[in-house]
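Here's an informal walk through the model, going from the chain arrangement down to single residues. Have a look at it first, then read on.

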2 protein chains.
Amino acid sequence: MIARLRKFIPVLDWGRTYNAAAFSNDLVAAVIVTIMLIPQSLAYALLAGLPPEAGIYASIVPIILYAIFGTSRALAVGPVAVVSLLTASAVGQVAEQGTAGYAVAALTLALLSGGFLLTLGILRLGFLANFLSHPVIAGFITASGILIACSQLKHILGVEAGGHTLPEMIGSLVTHLGETNLITLAIGAGAIAFLFWVRKGLKPLLRSLGCGPKLSDLITKAGPVAAVVLTTLITWAFVLSSQGVSIVGEVPQSLPPLTMPGLSPGLIADLAIPAVLISIIGFVESVSVAQTLAAKKRQHIDPDQELIGLGAANLGAAFTGGYPVTGGFARSVVNFDAGAETPAAGAYTAVGLAIAAVALTPLVYFLPKATLAATIIVAVLSLVDLSILKKTWGYSKSDFSAVAATIVLTLLLGVEIGVATGVAISVLLHLYKTSRPHVAEIGLVPGTQHFRNINRHDVETDPTVLMLRVDESLYFANARFLETLILERVTEGCAIRNVVLMFSAVNAVDYSALESLEAINERLTDMNVGFHLSEVKGPVMDRLQTSHLLQHLNGRVFLSQYDAWVAVSGRPVEPVGRAMAAAC
Amino acid sequence: MIARLRKFIPVLDWGRTYNAAAFSNDLVAAVIVTIMLIPQSLAYALLAGLPPEAGIYASIVPIILYAIFGTSRALAVGPVAVVSLLTASAVGQVAEQGTAGYAVAALTLALLSGGFLLTLGILRLGFLANFLSHPVIAGFITASGILIACSQLKHILGVEAGGHTLPEMIGSLVTHLGETNLITLAIGAGAIAFLFWVRKGLKPLLRSLGCGPKLSDLITKAGPVAAVVLTTLITWAFVLSSQGVSIVGEVPQSLPPLTMPGLSPGLIADLAIPAVLISIIGFVESVSVAQTLAAKKRQHIDPDQELIGLGAANLGAAFTGGYPVTGGFARSVVNFDAGAETPAAGAYTAVGLAIAAVALTPLVYFLPKATLAATIIVAVLSLVDLSILKKTWGYSKSDFSAVAATIVLTLLLGVEIGVATGVAISVLLHLYKTSRPHVAEIGLVPGTQHFRNINRHDVETDPTVLMLRVDESLYFANARFLETLILERVTEGCAIRNVVLMFSAVNAVDYSALESLEAINERLTDMNVGFHLSEVKGPVMDRLQTSHLLQHLNGRVFLSQYDAWVAVSGRPVEPVGRAMAAAC
């Protein structure tokens, strides 16, 4: 009972052995992560189309709930770029940015997403996330990165522009290009240049000045904080807000408020599909970050429990003024590198952010939105990885098609259609590939009991025996293929008196395939041709025995292909002892 | 060039060797089929909601076009029950039965269906039909049989009723039960009883009277013609049409007219999905009939060319007053049994039907619709086969779920939703099954070089080596499963120093799985555990060599599992000579 409870509430497990050393490590990590999260949270809220405080609120209660229910020791939960983009896209379809309805819809999205994740976790349905193939995810993340960067250009230029797809965004930006605010552009472009330099140039500099690799890394990660402080000071000193520079402005000084998501059936119906999409994409991202970090310390991540942890975090966000959250890559890596040992580090980060929400928000009054946009742009451009196109092109054209379609459709038609089409294409291509399985005609390697592809090897064959090795499980998509193939071969090769199917690579036979095998048997019987199987695996044989196939089979089931050859070929056979054992 | 043309126009092939003997056989078959087709064509037109002549028109030009382009020697193309039901369901959604718009929409449906089939055939995409699994087809045909029988009860009762789903039909029948015309009911019920007797009782009787099996069969098949003649005479003699008995009435005496399908974009959009559905279901049915008959004479069917033949037949129907057609089971079997040798038999049937359309149509003026309904009911009840539920239940629960869902949803929500859900369920269940592949932990069978499941056999193992045999191709749906499984095993078994994956049953590795293998390699490297592969098949190895996996692999790729065991296990190894060859 206790063990069961511990499985569902991991804090009961690691909490028992918590000590002073872990506390001190966790606290240090929390301070570092808090400093990094303040600008990031504000920026992602801007990306999601929400007021800046929503980003901070979305980082407080969710982090604590994840610390209780999650299994990763280092994962940092909160707003992330891709989920913020998806939020903007989904909520933008039901409400106008800046209205109260928009914020309420974002809460509803978090509620639905949390409920969906929690349900999947309780039903242990985490495997559903597997239907998102790696190429589709990679393509989607890349396209999202491009979309996000483009969506922020309006803040860099200081113009009002919109759009949810690349052509819309570019069109809108071009239309408003004349209204560019040059001071805003200077701040934004300066911040981008500074942040890129911090990323590429600062670390080598620090290392050459004798800093350790970890410290250099941490200082580099503080780049956005420096940009925020610098540009805020400049804007305040020169009162640039009166020159048309957009600033964050007043942010309420408050702990996360208690909020109520919208629950109207219409709103729920409109947001249900986007919520499922956000949940699955967030989950996949989060688990892959968590597994990467856990492996480094030989720790274990339970994906189904992760669903519960992320579900709880999103429900928390829904009732405390946040929006959908998940485990973020950058923040989790910082947390890990800074030495976080337990999820308690997350809880201390939450306390740090709560203090910030109450005490520090007046300090960001003069923070230019262009700076936040710059931090987003620099962060997301690291997500853009077009090399996936080259890699998949070299490895497999069908994976390439899935990536290319996902990228193109996400950019042109938006995130939801892009990812949905990507999933549909992967599934169809997989079915297509397995619908025409590799079937090798085989012959005996002389002097052995081995059988090999007649096209690749010098082997003995017998014109009266057709021996085929099927290199795929048999199921509905390829059942008819096999039927057609065998009938074609037999009608062409008039000498054929026996057909032997070697089942060594057949891991399963579904009911459609069973019926096809029965049809092959009937048709070969009509043609007066024997039909035999060989090397059928244990589990497949168990299942075939519950059917009538084996009773009606006009031939036999042989333990080994060699046994079959000895029995049906007209060739003289040397006495080579007992035939090979079956394959399983 | 000629050979290529012959492939696309099979008549050029068989036509060259056509002789007097074949002509006489074909002619006899054509006469028999024509007699059988007249009532059947009228009945199916009624089922499709069209005037009776549409059924005859749909049998003339399409048969000729199929004879030119199709590959089956015995297939008889024309209206069939399931496609007629689908037509009624699809066209009923865009037009009112009995209106001119209804007939035009049916032409459009045939046009779209013909165009779709032809496109698939030219692009050689016949494999798409494979996504309809046998259980889904069986469930759909059974549910359609029930729906069709129910839809005809109104004609037996002589009432006006409607509905496209079982609850709608039953509700409508119950509401109108009071209006039952007793004379109609007597004719209809009598015809049903007569036809059932012909089916079950007449054949044994004829056999016991000394008739040969083929002749008995043919006489039995003429049952509907007898019913038509008898009830027409009775209705004419007693002027029952004045007693409220619905009769076929005036049928134009004409050859098939030249007709123009409706081409408005709205109509095409509404009928596109149903047309795809009708095409695929018709194609699957037709090919399976054609293959069954061809196998009996060791002849060959080319599914892609069949698409072209059926596509041409449907285009023909669209421009000559018909509606969607396909190869029918009953008529094709009669054609085959009557001795048809070439598709020319079909052409002669077309001539016979053309004569009937011009000369015989006045004779069916007094034919009661109840008789036609009775022939439909008796014909389709043979399609209803609920034993598929029992068979799949015994063989595989997931196939059972697909059948059950298809039957229930087709009956309750209609044919289109039923079949679409069935397909979706089969695909999802297939992905689900392959997403949790069978992975066996294996050990060495003592004294051999064979490795077997440690749970099924007494084998040698080594606590420092984890050896897993993966019994499934690796692709996106199961890539993460394997990743999680291996990390879980390794974090639990602290002694593990090496992991060997035996790939003997892995027929493919897609890009997602490749990335998972790379991730497993990285994580095992982080844990200081060696990662090795063994018995990788040729095509899989070829592909892996185009990636970076093998360069980064912290362990080795072994030709055989035994080589791997010798290299990484700490156990003493007896000298047993050269290790087994790789699996491919």
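A word on labels: helices here are DSSP runs of H or I with at least four residues, numbered from the N terminus. The model is a predicted one.

By that naming, B:Phe329 sits in helix α14 of chain B, which covers residues 329-337. Is B:Phe329 buried or exposed? B:Phe329 counts as exposed, since its relative accessibility is 53% and the cut-off for exposed is over 50%. Along the chain, B:Phe329 is 39 residues from B:Ala290, and in space their C-alpha atoms are 8.7 Å apart.

Staying with chain B, take B:Gln40, which belongs to helix α3 (residues 20-47). Leaving aside residues up to four places away in sequence, B:Gln40 touches B:Ala330 and B:Arg331. With a relative accessible area of 16%, B:Gln40 is buried, because anything under 20% gets that label.

**How the chains relate**

How does one copy map onto the other? A turn of 179° with a shift of 0.0 Å along the axis lays chain B on chain A, and the RMSD is 0.1 Å. That is the relation of a two-fold axis. Which C-alpha of chain B is nearest the axis? It belongs to B:Ala505 and lies 2.6 Å from the axis. As for the interface, 100% of the interface residues of chain B are also interface residues in chain A, so the copies meet through the same surface.

**A helix pair in chain A**

Two packed helices are described by the angle between their axes and the distance between the axes. For helix α3 (residues 20-48) and helix α5 (residues 81-91) of chain A, the angle is about 30° and the axes are 7 Å apart. Angles under 35 degrees count as roughly parallel, so α3(A) is roughly parallel to α5(A). On the α3(A) side the contact is made by A:Tyr44, A:Leu47 and A:Ala48, which meet A:Ala81, A:Ser84, A:Leu85, A:Thr87 and A:Ala88 in α5(A). Sorted by class, this contact has six nonpolar residues, two polar ones and no charged ones.

**Rings**

Over all chains, the structure holds 16 aromatic pairs. One of them is A:Phe194 with A:Trp197: the ring centres are 6.3 Å apart and the planes are at 40°, so the pair is tilted. Both residues, A:Phe194 and A:Trp197, lie in helix α9 (residues 182-208) of chain A, three residues apart, about one turn of the helix. A:Phe194 is partly exposed at 27% relative accessibility, and A:Trp197 is also partly exposed, at 41%. Elsewhere in chain A, ring pairs join A:Phe451, A:Tyr562 and A:Trp565 into a cluster.

**Backbone oddities**

Most residues other than glycine have a negative phi. Here are two with a positive value.

| Residue | Phi | Relative accessible area | Label |
|---|---|---|---|
| A:Asn528 | about 65° | 64% | exposed |
| B:Glu535 | about 55° | 7% | buried |

Where do they sit? A:Asn528 is in the loop between α21 (511-526) and β7 (530-534) of chain A. B:Glu535 is in the loop between β7 (530-534) and α22 (538-544) of chain B. Neither A:Asn528 nor B:Glu535 is a glycine.

How values were computed: Residues are numbered from 1 along each chain as its sequence is written. Chains are lettered from A and ligands numbered from 1 in the order in which they are written. This is a predicted model: local features need pLDDT of at least 70, side-chain atom pairs count only at pLDDT 80 or more; totals for chains, interfaces and linings use all residues. Side-chain values use heavy atoms; hydrogens and water are left out. Copies are superposed by least squares on the C-alpha atoms of residues with pLDDT of at least 70 in both. Contact means heavy atoms within 4.5 Å. Helices (H or I, at least four residues) and strands (E, at least two) are DSSP runs, numbered from the N terminus. Buried means under 20% relative accessible area, exposed over 50%, partly exposed in between (1.4 Å probe, protein chains only). Axes are lines fitted to C-alpha atoms, for helices over the stretch in contact, and angles run from 0 to 180 degrees between N-to-C directions. Angles under 35 degrees count as roughly parallel, over 145 as roughly antiparallel, 65 to 115 as roughly perpendicular and the rest as oblique. Ala, Val, Leu, Ile, Met, Phe, Trp, Tyr, Cys and Pro count as nonpolar, Asp, Glu, Lys and Arg as charged, and the others, Gly among them, as polar. Rings of Phe, Tyr and Trp (its six-membered ring) pair if their centres lie within 6.5 Å; planes under 30 degrees apart count as stacked, over 60 as edge-to-face and the rest as tilted.
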